[in-house]
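Student: I should like to understand how the empty spaces in a protein model are described. May we work through one structure together?

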Amino acid sequence: MLKRTDYLTKTYGKPEGWTLGVYERECHGYQTARRVLSTMKKDDVVNEAKKANIRGRGGAGFPMGVKWSFMRPHPTKPAYLVINADEGEPGTHKDRTIMELNPHSVIEGCMIGCYGIGAHVAYIYVRDELHLSKARLWAAIAEAKAKGYLGARPFGVDYPLDVVVHTGGGAYICGEETSLLNSLEGRRGEPRLKPPFPAQAGAFGCPTTVNNLETIAAVPSAFHMGCEAFSKLSAIHHLNDGGVRLFGVNGHVKNPGVWECAVGLTLRELIYDLGGGVLGDKPLFAIIPGGSSTPVLRADELVHAPDEKSPLHPWHGQSVLDVPLGVDTFRGIGTMLGTCCATVLAEGTCPVAAMHNLMQFYRHESCGQCTPCREGSGWLLRITEKILDGRGTMEELDQLHDIANNIMGNTICAFGEGTAMPALGFLKKFRREFEAYVRGEKKKSTDGRLTVDHHDFVGG
Amino acid sequence: MTFALTPERDQELEQILKRYPNRMAALIPVLHLAQDQNGWISEEVVEWASRRLDVPPAHVRGVVTFYTLFNQKPVGKHQVWVCRTLPCALRGAGQLLAHCEKKLGIHAGETTADGKITLRTAECLASCGTAPMMQVDKTYHENLTPEAVDALLDELRR
Ligand SMILES: Cc1cc2nc3c(=O)[nH]c(=O)nc-3n(C[C@H](O)[C@H](O)[C@H](O)COP(=O)(O)O)c2cc1C
Ligand code: FES
């Protein structure tokens with residue numbers, strides 16, 4: 001169901017929309033943090049947060065309030081809130097818009113989050129390339145400090161709060177939360193074994209909550225209207241997937257971009273109503289629903305959920321394009337919601353070339369710590385490349401499945417799954433195209449296209 | 001030659017140190033500060049960072065070699081990064097890169113003979129909704145057309 005909202009995006013497009021004045025005028029800026037800090041108890045904040053049913057916006061969809069409730073006061077160590085703004089998952093372009101256009105929502109969200117989990121400092125980890133985002137966050141912090149919102153006594157309450165922007169060094173893996181913590185500590189961004197989980201031993205060995213930037217930015221509006229009311233804005237509130245969120249679409253659509261809508265939007269609405277339809281009015285071919293690690297869907301796929309107890313049963317027999325974009329609904333159709341930014345492929349796009357492009361990404365970004373991922377990502381790339389170049393065999397095509405399956409579940413972090421799942425997705429959904437390359441019926445030079453038309457780059 | 005930051009940058013370093021419970025955590029921001037000044041992370045910079053932050057040189061080297069953005073050798077005056085990942089490729093990143101290579105007369109990974117421009121490919125820069133795109137030094141250029149790229153590169157070479 002298409003229901004556009006503007007809780008988080010009201011400042012987008014407003015002149016100087018990123019400044020405190022606009023935030024206070026348009027978004028009840030900092031009134032919610034003031035009320036929470038002055039009138040609520042820490043545990044009540046966490047209980048209220050649970051009612052919002054905010055599913056983590058970083059990709060895994062873990063309920064935010066539940067994650068907060070894992071934080072236990074430590075007798076000697078401080079607690080930290082760490083915000084993940086590494087935004088590196090290919091196809092994801094949403095967190096950046098918040099940092100650039102509504103940075104104060106992040107700062108206010110950090111204040112409420114810190115208070116709820118018992119932290120006094122929040123670190124926002126921003127990938128280094130996003131220089132404008134970092135500058136806007138720092139400016140917002142300075143404005144909030146100048147007003148006495150952030151600092152030793154926020155709104156006169158004896159609860160010191162600080163927010164710090166930290167920068168990465170160009171590594172996708174640092175989006176993985178434990179790798180991010182190592183990077184924050186000034187180390188190589190290699191993921192850590194879990195347990196211990198960040199809530200037990202996170203940043204600097206202290207109890208830590210890691211939340212995605214959009215997750216925390218949703219907090220002020222949720223608390224402002226009441227978390228249960230916020231959750232009910234969603235069409236799939238009953239599946240514990242609440243509120244509003246950002247939906248992005250990119251690739252072969254006429255009007256790529258990011259929009260705020262109530263949870264429950266479908267891919268069809270995202271692609272045709274918001275994205276303006278497929279470039280060149282071509283038929284839709286395939287969709288990567290939420291970042292490159294989420295398995296690809298074919299445009300002609302139907303939902304198979306004959307079991308009446310399945311949450312997907314209401315959509316049984318319907319197109320996957322008509323399933324509400326939700327964490328559990330998309331898991332139910334064999335893929336993932338991920339970051340909720342979809343990549344659209346038009347008819348004529350070569351799935352073998354698309355997989356090859358993605359395997360180059362994973363090869364480049366594997367941190368090299370675990371053997372199955374380090375060796376497997378290279379192996380997947382080499383064989384895909386051979387097939388694309390017309391030098392692959394049927395045995396090698398089958399070998400791709402084995403390699404991917406041997407990465408799954410055998411690595412320290414989910415980068416392994418993030419590499420194997422899209423590979424398996426392309427292989428399963430487009431087996432015939434891969435075979436055509438092996439048999440020499442298709443060739444890279446004539447069929448290996450990723451752009452829709454022959455003309456130069458499309459521009460915008 | 002030993003390395004040292006300019007006084008202004010050194011003051012910034014002191015500010016950075018205040019943000020963290022220990023000195024090591026400042027390493028990545030501090031290496032960016034040093035690279036802004038020096039253009040790359042030379043062995044002198046490694047030794048300096050090791051002393052300044054009280055971490056072993058081997059640790060600094062480990063960090064420098066892990067992250068793509070730290071240059072381990074001298075680079076051109078301007079850094080041009082063309083995003084090559086799928087969402088950009090769907091909107092012509094391959095053609096964009098070929099266009100840049102032809103115009104500059106170098107391949108990705110190389111620097112022009114006059115030392116002005118280093119051309120590289122980047123992995124997804126969170127700008128997929130405004131593709132194709134490239135990053136020039138610290139600025140994003142989005143929704144690129146051939147004309148816009150030509151104008152940009154001409155400006156950099158001037
Ligand atoms: C390889 C990999 C890359 C990731 N990249 C990001 C990222 O760029 N941004 C992000 O918020 N989460 C990313 N995540 C997910 C984080 O590990 C973590 O689940 C998330 O930050 C938690 O926040 P949330 O619960 O609010 O979603 C990544 C995970 C993996 C395995
Ligand atoms: S793929 Fe180029 S910015 Fe995301």
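Tutor: Let us begin with a term. A cavity is a set of grid points where a 1.4 Å probe fits but cannot get out, whereas a pocket is an open set. The model before us is predicted, and it holds three cavities of 30 Å³ or more.

Student: How much space lies in the largest cavity, and which residues line it?

Tutor: The largest cavity contains about 70 Å³ of space. Its lining includes Cys367(A), Cys370(A), Cys373(A) and Cys413(A), and Ile173(A), Pro191(A) and Phe415(A) are also among the lining residues.

Student: What makes Cys367(A) count as nonpolar and Gly368(A) as polar?

Tutor: In the classes used here, Cys is placed with the nonpolar residues and Gly with the polar ones. On that basis, the lining of the largest cavity has seven nonpolar, four polar and no charged residues.

Student: Why is the second largest pocket said to lie between two domains of chain B?

Tutor: The domain assignment gives domain 1 (7-66) and domain 2 (78-157) in chain B. Both domains give residues to the lining of the second largest pocket, so the pocket lies between them. The C-alpha centres of these two domains are 29 Å apart.

Student: Which element gives the most to the lining of this second largest pocket, and which residues lie nearest its centre?

Tutor: H2(B) gives the most, with seven residues. Of the 32 lining residues, Asp128(A), His131(A), His32(B), Asp36(B) and Lys138(B) lie nearest the centre. The volume of the second largest pocket is about 780 Å³.

Definitions and conventions: Residues are numbered from 1 along each chain as its sequence is written. Chains are lettered from A and ligands numbered from 1 in the order in which they are written. This is a predicted model: local features need pLDDT of at least 70, side-chain atom pairs count only at pLDDT 80 or more; totals for chains, interfaces and linings use all residues. Side-chain values use heavy atoms; hydrogens and water are left out. Domain bounds come from an automatic or database domain assignment. On a 1 Å grid over the protein atoms alone, a cavity is a set of points where a 1.4 Å probe fits but cannot get out, and a pocket is an open set with protein on both sides within 12 Å along at least five of seven lines; lining residues have an atom within 4 Å of a point. Grid points are joined across faces, edges and corners, and a volume is the space filled by probe spheres set on the points. Helices (H or I, at least four residues) and strands (E, at least two) are DSSP runs, numbered from the N terminus.
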